[in-house]
Amino acid sequence: MVRYRWTLLIVTVGVAIGSLLLIPRVNINTDLTRYLPEDSPMKQGMDRMREDFPGIDTRMRALDVMFTVPVDVEEMRAELAPFTEGLTDMGVRESPPYTLFQYRISGSGDPLVLKEAVQQHFGERVVVEISGEEKMPPDIVFILVLGVSLAFVILVIMCASLMEVVLFLVTMGLAVLINMGTNALLDSVSMITSTLVAVLQLVLSMDFAIIVANRYRQEKALCPDRESAMAAALSGAMPSVLSSALTTIVSLLMLVFMRFKIGTDIGVVLSKGVFSSLLCTFTVLPALALLCDKAIDATQKKVPALPAKALARFEMRFRIPLALLFVALFVGSFLLQKRTVISFSAFWPTEITSEFPPQNPMMLLYDTADEAAVPSMMDTLETDPMVASAVSYPGMVLRKYTAEEMAQRYASLSPMMSDELLQMVYYARSHPDRTERFSLGELQDYAAELADRGLVPEGFDVASLTRRFQAMADAPEEVPEAESVVEPEPEPAPEVPAEPEQEAEPPAADTLEQPLPPVTDTTVASVDSLPKQQPAGMTYEEATRQRTPREMARHTGISRTQTAMLYRLAGRMGKGASGTMSLHEMVRFAVKEVLPDKRYAAFISKEQKEELQWHLHALDSVVAAGPLMPMEEVPVPSAPEEVVPAEDSLQAVSVPVEVVESVPDSVPEPEPEIEPEPEPTPLEWLAEMAFSGERSTAARTGRALRAAGIPVSQQDMDLMYLYAASRRDADPEARMSVSELVTYLADTLLVDPAFSRFVDDDSRKQLLEAKELLVGSVDALRSDRSSIAALITDYPRESPETFAFIDSLQAMGDRDLTANHYLVGESVMFRELKECFPSELLLLTLLTIASIFLIVAFTFRSLLIPVFLVITVLTGVYFNVFASGWGGNTMFFLAYLIVQSILMGAIIDYSILITHYYLESRKTHDVPEALVEAYRGSGHSIMTSGLIIVLTPLLMYITLNDPMIAMILKSLSIGAFAAILIILLVLPGMLAFCDRLIKK
């Protein structure tokens, strides 16, 4: 190697430069699920999901955009729209002053590019993260530089020459470049491996260069020239370096046997890195050392050294207690490490998750033929308070809900999902012909409710309608001249004695049909114009005589229009069906049928009601007495002080009863004249509709209102009828699926001008987006072969409760689904890892121990020495596990497996080194002196390399914010520190105690 050193140097440098150019081509994989074993149920489910749903993102990643200042939700959603096209809107969460917008990422596209675009657009007021994805720590370059700088400082302190520090870093730097560049030849490299490889390769291989450099310094004092000294150094150091490299490479390759294939990824890359360092140590370092030999000598300095003699005396004096301590440490650490809980997720708070706890999505992939069993499963799952939503194709398309159930399930999704609006939608869909009929009275309450919500024009309510009816009395009415002749008032008849036996005198014949007081063109008689003392003498015949509306108007002085309206109203209600009524019938109808109507009662005073009731009482008495019996005088209630004009009230009806003399039986009563009713005006017709209770269609009612001058559109009427019918006639058992509901809303009611008044612009936009989302979701949830049920839960990513939920979900699927089904999700992966971890750990430990045992046994040609060395390193591993779980903390499972392999491969080198020097010295020295030589020969190398492997990962752990990588670095630092202490303070005493057994 010395003879061809320049050729080897040039070739190695060329390979390093080529590797540097390949580094950008390395495929970094951040999806840990791709490392699941082939027989993993989740892996099989994900493969089938990718096959049946090519566009799906099985990692269920989400783009989280959190505004740190108060914002208008709809404005920000609109501003985000250009960036989130093609993403699924998962809703908005608010925690003032923060607002979080969440979007589910599709399987295509680069989310990192999207994240960067959003961040640049909104600037400092927004925090953007991609949840559900492991990513390269943003400060990793700085952390790597910091780690290398610390290693440089340690080398400056510990190396005998400052020039050696430069040579070591150049040699290891070329080895790292070669390793990282050749990763491009692999399909992919995990993010964890890519982050750790440089530092771990540095700390695992630095002792190779240190051993060669120390040996070269020793050989220069014995050899005549530099070339021969380097050749001797390489020859002498090769066994130790090769043994150290071989144990490290083999222990790292044991990770290949992990079921979780990230072990293969880490093991292959790191073992390749150790091999690259080994090559550079024997090709680059000799050439550089010979080239810079004078600089090495010129930069010589003193180095810290272990107190070899003091340590040797301590080890010799306490060799028996140290041997017992050696056993006690191993047994105690083995038992204590069992208390540490192994974790399988590496979650850490971010700016967004600190304000909004993340949700835990899962998916159930099942055979489409099992769709019928899925709705009941989803119903059961939704009873779990930790399940936020459960969405499936059968639930959205096949499963049908009542309006109440739909409102309960989806009320939080949209304002359109209120119980009131859903009732209208359900009714409209089940009654497309819309033939419902209502009276104006029945619409009263519904009109008031809609008017309060601003959904019908102002004034379209019963009170406003009645005020319009009242105005009819204000219109002047022409009275025929013959009927306007004023005749003298008849004198009152003398009072009838009070004796009941005495019959009243019959009235004079000329008093029959005496005219009423004159009616002017602008006034009509009112109740208040009646005399306070009713004249006696009205006969049964007069009270019951049938009259036409015109005759009744002449007889009573009531407006012809009002009289005609009362007659028509009575006809519609089954009274006066012949077109005539008697005075008694008309007054009774007014008091018994019209006055109780609350719409009419608002227009007459208490005194007016009492007057009409008194007249009815008087007429009842006449009718009850029978023919020819005059009416007794009945006291009249006191008249109110204020006279209410008849024009102010439809029902201020004057019913004067004239005193007439009975007509002899021989005088025939003329037949009543039947005249045609006056054609009602539109307002009169509307009044009759209101007071008669006639039920009409929306079209007829709308025409009547508009003809009467009330500005109500047909859309308003359709809306009111739909609203009223949904309240009155809705079928509580009517059912629709979510798909049917959204499609009907968007395609039918949203384009209906009447119903669309309920939908503001924002809700309209949400509804159309919901339809598009639904169509896309249905396609995304079902293929010809498979379907997906998506669950959003509030369970932690890893906890006993989470794993219990997954177990129950799996058991439910095993029970209800006949074909193969699979669960997919981060927590599902953690559950699988937890199940196989104990057996995997045992297998990996046994394989590593066996391989290391064989290498050490072959190196020392002893079976006892490998036992001591393996136990030494395992004690460091177990102590590391115990320390990681101290205080209730957990240890990441990858940290356990990776650190065990690294310690078994790298730290055991220190045991091999100190044992090698001890056995070499024992050939010429006694035990105490051999211990001194062992410390002198190995102490410097162990201290230098040990400080690097302990302090460099520790510093990176402190400054790194990635929990997964940080936990691995922390565990490596703790384990290495514990193992080095045992190697320096306990192992030599154990060797001295077992000296006789070892020498054999």
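## A nonpolar patch on the surface

Let's start on the outside: Val327, Val331, Phe334 and Leu335 together make a nonpolar surface patch of about 320 Å². Keep in mind as you look around that this is a predicted model.

Val327 is a good residue to pick out here. Its place is in helix 12, which covers residues 319-336. Is Val327 buried, partly exposed or exposed? With a relative accessible area of 46%, Val327 counts as partly exposed, because that class lies between under 20% for buried and over 50% for exposed. Residues in such a patch need over 30% relative accessible area, and the 46% of Val327 is therefore enough on that count.

## The four-stranded sheet

Now to the sheet, which is open and has 4 strands in the order 3-4-2-5, with antiparallel pairing. At its edges are strand 3 (88-95) and strand 5 (126-131), each of which pairs on one side only. From one strand to the next, the twist averages 15 degrees.

Strand 3 has strand 4 (residues 98-104) as an antiparallel partner, and 7 bridges join this pair. If you would like a spot to zoom in on, find Ser95, which stands opposite Tyr98 in strand 4.

## Helices packed on the sheet

Which strands does helix 3 touch? Helix 3 (residues 73-80) packs on the sheet with contacts to strand 2 (62-67), strand 3 and strand 4. The direction of helix 3 makes about 40 degrees with that of strand 4.

Helix 4 (residues 111-122) also packs on the sheet, where it touches strand 2 and strand 5. Between the directions of helix 4 and strand 5 the angle is about 170 degrees.

Conventions. Residues numbered from 1 in each chain as written. Predicted model: local features only at pLDDT ≥ 70, side-chain atom pairs only at ≥ 80, totals over all residues. Heavy atoms only, no water. Pairing = 2+ DSSP bridges. Helix = DSSP H or I, 4+ residues; strand = E, 2+ residues; numbered from the N terminus. Axes fitted to C-alpha atoms, helices over the stretch in contact; angles between N-to-C directions. Contact = heavy atoms within 4.5 Å. Patch = residues over 30% accessible without salt bridge, like charges linked within 9 Å, V, L, I, M, F, W, Y side chains within 5 Å. Areas by Shrake-Rupley, 256 points an atom, 1.4 Å probe, with all protein chains shown as cover. Salt bridge = Lys/Arg side-chain N within 4 Å of Asp/Glu carboxyl O. Buried < 20%, exposed > 50% of the residue type's maximum accessible area, 1.4 Å probe, protein only.
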